[in-house]
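Dear colleague,

Please find below the structure I promised to hand over. I should be grateful if you would read it alongside the notes that come after it.

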Amino acid sequence: MLQAIEWIHLGAVGVAAIIFGICRHKPARIGPWLLLTASVVAVAIGDILHALHKYAAADIAYLAMFALVALSLLQLTRAGAILMDRARVIDLVAFACAALLVIWVFLIGGSSWLGGIAPEDMLGALLLVGICARLIVAVWFNWSAVLLGVGALGCLGSDIAYSLAPSSWSEAGYMVLYLAWGGAALHPSMVQLTTPLPLRPKPWQGRWATLLGLSVATPPLVLLIEALQGEVRDGVVIAVAGALTVVLAFTRLADSVTQNSQALTRERVLREASAALVAAADDAAVDEAVRTAVTQLLPPHDVQRIVFATDDRQLTLQALPAATTSPRPRSWWLDDEKKPGTDPADGTLVCPLWLEPLAVARPSGGALVLAGRKDMLTVSRDALEVLAGQAALALDRISLVEAVGRRDSDLYLRAVIRNTADIMLVIDEDQQIRYASPALHELIGEKELPPFAKLPDLVHPDDRGQIRRALRDEGDGVVYCALQRADETQVMVEATYRDLREDRLVQGYVVTMRKVTKPQDPVEQVPHLEHVDELPAWVNRRSAQHKFRY
């Protein structure tokens, strides 16, 4: 009875440690750790029943423990790069089952001093050790995975030692199992076991398929050999090993079909998105094509927010990585501070709009930002990076087409008004002069304008404020200002501007200037009003400036 109470305490400590680790570290997926908790409960129940001499019920609990912990370890390899490694895990585990079956039937089963070892316990413990070993290799180096492997080794050692020499010392491995698995959940590295990793595609290798085929064929061959010898002594062991290898083979086949289906879906979606982006004529069409592709690559319920920014100015500072000397990655995770109540499995992926295959950012930047389930975003990360690169190429193509159109429009305008006395300017949205007629050069007495000159730089400092305000607002209008000439004199002009920023060929302001022939008060330019107070404020201000200047 005292021994049963001891196992109750050890089981309670192991279960409490795993639950506390889940609540404290909040892994992305708690399912594998809950299965591990259930397995600890099962092995504790088995130990208690064994201490109470109820061996049949204890064996059932031990078998349930092996099934639960195997499911837990397989769940840890469900997504990301570990899923690619799970294929190797399944192949190796199936081969281990077949090899252990052969060793047990032809070597251990007939041995006088090893025959007391329960075959189901031996097979189960060896399978756990193999899965833990492969998990350690897949996430090298992770302390939680190492502790899981230590617990599996302790279980294997006690299974062998207790069967050969039952004592309290031979049960020490089970105590190691409780403590090691509880410590695996308490260590912060347990979060990394459920954190999805990027896919690392591997080429198909025929030797692994051959290994799996031999593993599946081994149990029937062993059964045939025993039947030919006249007596089937290990029918139960053969049946269990055969069932395990068949289940593993079907799991391997299902994983291969799933991966192939996902690859075909990504290829089809990217091909359709590429065709839509090639046909896109503006930014809105590119945005629609990108959003349609994202909804096809990812399930709608796994994506919470899609932000397609064509300019870095549309992004927050948190979405941009810190300045580094090394090249920026093709995508990165946004380190959001987790607020209370948020799902730890969610994440935000930022894919910059890089020009492929040059791997350089667009002049205006931009990015595709996705918020949703981190494991699903990780699985489709490569496809999302390719989609962002295709969108960058489409946007750059549209910008180049518009730039060529504007250049042709400016050349046509220059050819038409070259010999006229009209002063005409084309100004970008940032008030930079894109084209100026030759008459402006003659008016201000300069042959060429300075590089990247802006219209406010050509006018008197007192008039720059109203020029900036006028060209910042939407709509057309007229302003009066004084241009500064090269000889530091001033010339009064009337500037009529038109807001053509929405025009595809212009995308800016068209300003027409007319020189005021004599220094007259701008009040005379407006219709006669009975009350001077009804004049616009700019007229009164401009009149006062004019009187003191001329």
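The notes below cover confidence and two helix pairs.

Please bear in mind that this is a predicted model. The chain has an average pLDDT of 77, and 77% of the residues score at least 70. Confidence is highest in helix 11 (residues 283–297), at a mean of 90, and lowest in helix 16 (residues 537–549), at 47. The pLDDT is below 50 over residues 521–539, a stretch with 20 contacts in the model beyond near neighbours in sequence. Residues 542–550 also stay under 50, with 27 contacts beyond four places in sequence. Where pLDDT is low, the predicted coordinates should not be read in detail.

The first pair is helix 6 (residues 143–164) and helix 7 (residues 172–186), whose axes come within 7 Å and cross at roughly 165°. An angle over 145 degrees counts as roughly antiparallel, and helices 6 and 7 are therefore roughly antiparallel to each other. Their crossing is left-handed. Among the residues that meet are Leu147, Gly151 and Cys155 in helix 6 and Tyr174, Leu177 and Trp181 in helix 7. By class, this contact comprises 12 nonpolar, six polar and one charged residue.

The second pair is helix 9 (residues 206–228) and helix 10 (residues 235–279), with axes that come within 9 Å and cross at roughly 160°. These helices are therefore also roughly antiparallel, and helix 9 passes helix 10 in a left-handed crossing. The contact includes Val216, Pro219 and Glu226 of helix 9, together with Ile238, Thr245 and Arg252 of helix 10. Its residues divide into eight nonpolar, three polar and two charged.

With kind regards

Key:
Residues numbered from 1 in each chain as written. Predicted model: local features only at pLDDT ≥ 70, side-chain atom pairs only at ≥ 80, totals over all residues. Heavy atoms only, no water. Axes fitted to C-alpha atoms, helices over the stretch in contact; angles between N-to-C directions. Helix = DSSP H or I, 4+ residues; strand = E, 2+ residues; numbered from the N terminus. Parallel < 35°, antiparallel > 145°, perpendicular 65-115°, else oblique. Left-handed = near helix turned anticlockwise from the far one by under 90°. Contact = heavy atoms within 4.5 Å. Nonpolar A, V, L, I, M, F, W, Y, C, P; charged D, E, K, R; others polar. pLDDT = per-residue confidence, 0-100.
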